[in-house]
Amino acid sequence: MTQVLSRRSFLASSAGLVIGMTLPLAARAQSGAAAAFQSGATDEASFAPNAFVRVAPDDTVTVIIKHIEFGQGPFTGLATLVAEEMDADWGQMRAENAPANDELYKNLAFGMQGTGGSTAMANSYMQMRKAGAAARAMLVAAAAEEWGVPENEITISKGQIGHGSGKSSGFGALAEKAAGMTPPEDPPVKSADKFVLIGTDLPKLDTKAKSTGTAIFTMDVYREGMQTVVVAHPSKLGATVASVDDSAALEVPGVEAVRQIPQGVAVYARSTHAALKGREALSVEWDESGAETRSSAEIFEAFSKAASEGGKDAEMLGDGVAGIDGSAEVIEAEFRFPYLAHAPMEPLDGVIEVREDGAEVWMGSQFPALDKPTIVQTLGLSPESVQLNVMLAGGSFGRRAQDTAHFAAELAEVARAAGGPGSFKLVWTREDDLHGGYYRPLTIHRMRAGLDGDGKLTGWEDIVVNQSIMAGGPMAQMMQDGMDPTSYEGSTKMPYDLGNLRVGWAQQESPVSVLWWRSVGHTHTGYATEVFLDMVLEAQGKDPVQGRLDLMREDAARDRGVLEKVAEMAGWDGTKVKGDKAYGVAVHESFETYVAQIAEVSDAGGQPRVHRVWCAVDCGVAVNPNVIRAQMEGGIGFGLGTVLFDEITLGEGGVVQQSNFDSYRMLRIHEMPEVMVEIIASDAEPTGVGEPGVPPIGPAVANAWRALTGKAVTELPFLKTMEA
């Protein structure tokens with residue numbers, strides 16, 4: 001039986017007209033959207049040359065969100081921009097995911113449809129405001145014509161259109177007439193002093209549905225006759241199928257077929273339980289000739305050796321390392337960072353339905369621009385015959401933004417191997433996800449700094465060693481001269497004037513599949529640089545906060561601003577240890593958002609207990625402070641759990657040793673510190689907040705722990721150091 005999506009049912013009964021508009025010249029390529037627009041609602045009345053705003057007869061305004069919603073807030077943030085410019089009431093606003101359509105819904109920062117790099121707000125800020133302003137202008141024109149009054153006498157407030165004569169109307173009653181108005185070429189947007197909604201704490205639009213269980217995720221999608229499919233993947237990354245015996249699997253009740261696909265062996269069944277039992281009964285021989293067979297310990301040793309060879313220059317200032325050699329004191333440290341899994345609460349899943357005339361797909365696609373073409377190519381269909389519905393997703397942290405589109409490819413291979421029309425739900429278990437690679441790269445930072453006889457810094461060197469997440473894939477074009485900036489971002493272009501500086505990068509190769517992870521390279525560069533700097537400042541006898549401020553360049557005003565603010569928030573007086581608690585600080589910019597944090601830490605039986613965290617953030621205009629605070633809090637909890645407990649390790653022969661949350665530990669609710677967040681007032685255009693809350697928490701805690709115990713944590717997770 002096919003379950004009709006409840007959200008669709010709701011919209012089918014309430015949808016009215018799409019307000020058409022013309023966007024600024026930069027987005028003019030999106031004209032012609034009406035014909036291509038296929039939302040989850042039954043909007044046959046859609047006619048507009050652009051499809052970001054839809055007004056229903058009941059006055060509801062639905063904003064079509066081009067960025068996947070997986071908890072980071074684009075449903076609310078982008079709808080706020082439209083509502084602000086329309087002078088709508090927040091209670092009438094709705095949001096839904098845009099379907100895959102690279103031309104209509106491209107990320108203006110990427111040039112293709114996708115979510116990542118904390119760009120959702122930054123690339124949409126003016127686009128969505130213009131969309132709302134255009135809709136408002138057309139409603140005003142409609143009202144003026146309907147009432148026979150000048151447009152400049154029309155007012156709108158909280159979704160009510162009015163005129164001094166006493167005439168008034170909601171949006172819905174004028175939507176059809178508004179649809180016939182000529183879209184403004186370049187509608188003006190409000191000045192900041194006219195903002196009513198931007199800058200206020202608006203409740204998130206998706207909270208109620210997610211809290212009541214009515215929100216629809218991919219796992220909720222059922223199609224008539226649908227089969228559930230699980231795939232047996234190799235235990236060693238890079239291995240392939242040599243042979244398979246499926247006789248026992250086919251004896252499992254409910255199992256309907258077994259097919260070999262490029263990614264492994266797929267088991268088709270009438271239920272998830274049967275599919276999993278069928279997979280357990282498979283006998284598969286794997287060809288490990290191309291697999292990673294080294295353990296993590298062996299990889300670390302190889303990477304450490306590469307660090308000693310120096311790597312290629314990523315940044316060179318002054319005399320580079322020449323200032324270090326011969327210094328009165330040389331401070332050295334090697335920081336080791338393990339592979340990390342993204343481990344979103346909802347593992348990967350997707351539904352595909354192949355028909356005689358095409359295919360339809362439902363999945364939490366973070367990069368529809370890559371996922372859809374992969375499905376099209378795998379199935380040998382035309383792009384026009386494949387519809388990809390972007391679904392809500394239960395987290396990602398980068399996991400769903402695969403530049404290889406490997407999950408979409410596997411979904412399509414499952415359908416192709418079935419050999420004909422049908423519906424298939426591909427399910428990855430958490431064990432599949434944790435074993436399946438696509439990790440944050442294992443990384444080493446080898447760092448040196450020199451001090452002269454007066455304690456003055458003579459040079460700084462940071463050699464980064466890891467795999468590239470760009471090389472060999474479609475993102476390789478972002479590399480320049482063979483250098484992948486995501487491997488060392490944050491180690492370069494630091495806010496500090498360190499004088500002589502060299503950052504090197506030594507690229508490594510491995511069959512282990514690696515991917516960006518929340519905050520990408522900043523998660524290890526932020527830790528290494530801020531912990532090592534703290535060690536250097538201590539050797540100089542300087543205060544951690546004032547020492548950083550003294551080192552900051554004149555053009556680092558926003559770094560300085562968040563550091564001064566967080567010091568004020570925490571009442572920093574230079575005392576690093578008070579009673580049984582210690583305090584550590586870190587500041588880091590990522591994705592053009594500036595964050596400083598101070599952590600309060602005690603020793604809980606040989607392990608750090610984090611009690612409070614103060615956080616100052618400068619992300620430009622604060623569109624929705626409620627969402628910004630939530631993202632900082634979430635980033636701190638996510639980052640703290642990771643640095644304390646988490647690692648993916650390859651054991652003997654290269655077998656992944658973790659399998660679920662019992663061995664890949666999340667921060668537990670009673671371990672979450674109290675978090676205080678202050679947002680720096682700014683009139684700069686907004687930047688993202690999904691990722692920048694993560695990098696500073698690890699070094700802030702490490703610096704506090706070192707102040708308390710004298711122990712520098714140079715190998716993560718903390719738990720490993722504590723157990724050593």
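In which sense, and over how many bridges, do strand β15 (residues 349–355) and strand β16 (residues 358–363) pair? The two strands pair in the antiparallel sense over 6 bridges. The structure is a predicted model, in which local features need pLDDT of at least 70 and side-chain atom pairs count only at pLDDT 80 or more, while totals for chains, interfaces and linings use all residues. Residues are numbered from 1 along each chain as its sequence is written, and side-chain values use heavy atoms, with hydrogens and water left out.

**Overall dimensions and composition**

- The secondary structure of the chain amounts to 18 helices and 26 strands; helices (H or I, at least four residues) and strands (E, at least two) are DSSP runs, numbered from the N terminus.
- The radius of gyration of the chain is 27 Å, which agrees with the value near 27 Å expected of a compact globule with 724 residues. This radius is taken over C-alpha atoms, and the globule rule is 2.2 Å times the number of residues to the power 0.38.
- Along the principal axes, the C-alpha atoms fill a box of roughly 85 × 75 × 45 Å.
- Of the 724 residues, 61% count as buried (buried means under 20% relative accessible area, exposed over 50%, partly exposed in between, with a 1.4 Å probe and protein chains only).
- The chain exposes about 27100 Å², of which carbon and sulfur atoms supply 49%; accessible areas come from the Shrake-Rupley method with a 1.4 Å probe.
- Among contacts in the chain with a separation of 6 or more, 77% are between residues 24 or more positions apart; contact means heavy atoms within 4.5 Å.

**The seven-stranded sheet**

- An open sheet of 7 strands has the order β10-β11-β8-β18-β15-β16-β17, with mixed pairing; two strands pair if DSSP finds at least two bridges between them.
- β10 (255–261) and β17 (386–390) stand at the edges with a single partner strand each, so one side of each has no neighbour in the sheet.
- From one strand to the next, the twist averages 20°; axes are lines fitted to C-alpha atoms, for helices over the stretch in contact, and angles run from 0 to 180 degrees between N-to-C directions.
- Within the β15 and β16 pairing, Ile352 stands opposite Val361 in β16.
- Helix α10 (residues 368–379) packs on the sheet and touches β15, β16 and β17, its direction making about 145° with that of β17.

**Strand β20 and its partners**

- In strand β20 (residues 457–467), 11 of the 11 residues are buried, so the strand is largely enclosed by the rest of the structure.
- Strand β19 (residues 443–451) runs antiparallel to β20 and is joined to β20 by 8 bridges; His445 stands opposite Val464 in β20.
- β19 and β20 form a hairpin with 5 residues between them, and Gly455 in the turn has a positive phi of about 80°.
- Strand β21 (residues 501–508) runs parallel to β20, again with 8 bridges, and Gly504 in β21 is the bridge partner of Ile463.

**Salt bridges**

- The count comes to 43 salt bridges, each defined as a side-chain nitrogen of Lys or Arg within 4 Å of a carboxyl oxygen of Asp or Glu.
- The side chains of Glu96 and Arg54 form one of them (3.2 Å, N to O). Glu96 lies in strand β4 (residues 93–97) and Arg54 in strand β2 (residues 53–55), so the pair ties together parts that are 42 residues apart in sequence. Both Glu96 and Arg54 are buried.
- A salt bridge also joins Arg336 and Glu301 (3.3 Å, N to O). This pair links distant parts of the chain, with Arg336 in strand β14 (residues 329–337) and Glu301 in helix α9 (residues 296–308), 35 residues apart. Arg336 counts as buried at 16% relative accessibility, whereas Glu301 counts as partly exposed at 48%.
- Glu530, Asp534, Glu538, Arg548, Lys576 and Arg706 are joined into one network by salt bridges that share partners.

**Individual residues**

- Leu549 is found in helix α14 (residues 544–551) and counts as buried at 9% relative accessibility. Leaving aside neighbours within four places in sequence, Leu549 is in contact with Arg560, Leu563 and Glu564.
- Thr404 has its place in the loop between β17 and α11 (406–418) and counts as partly exposed at 39% relative accessibility. Thr404 and Leu515 are 111 residues apart in sequence and 9.7 Å apart in space, C-alpha to C-alpha.
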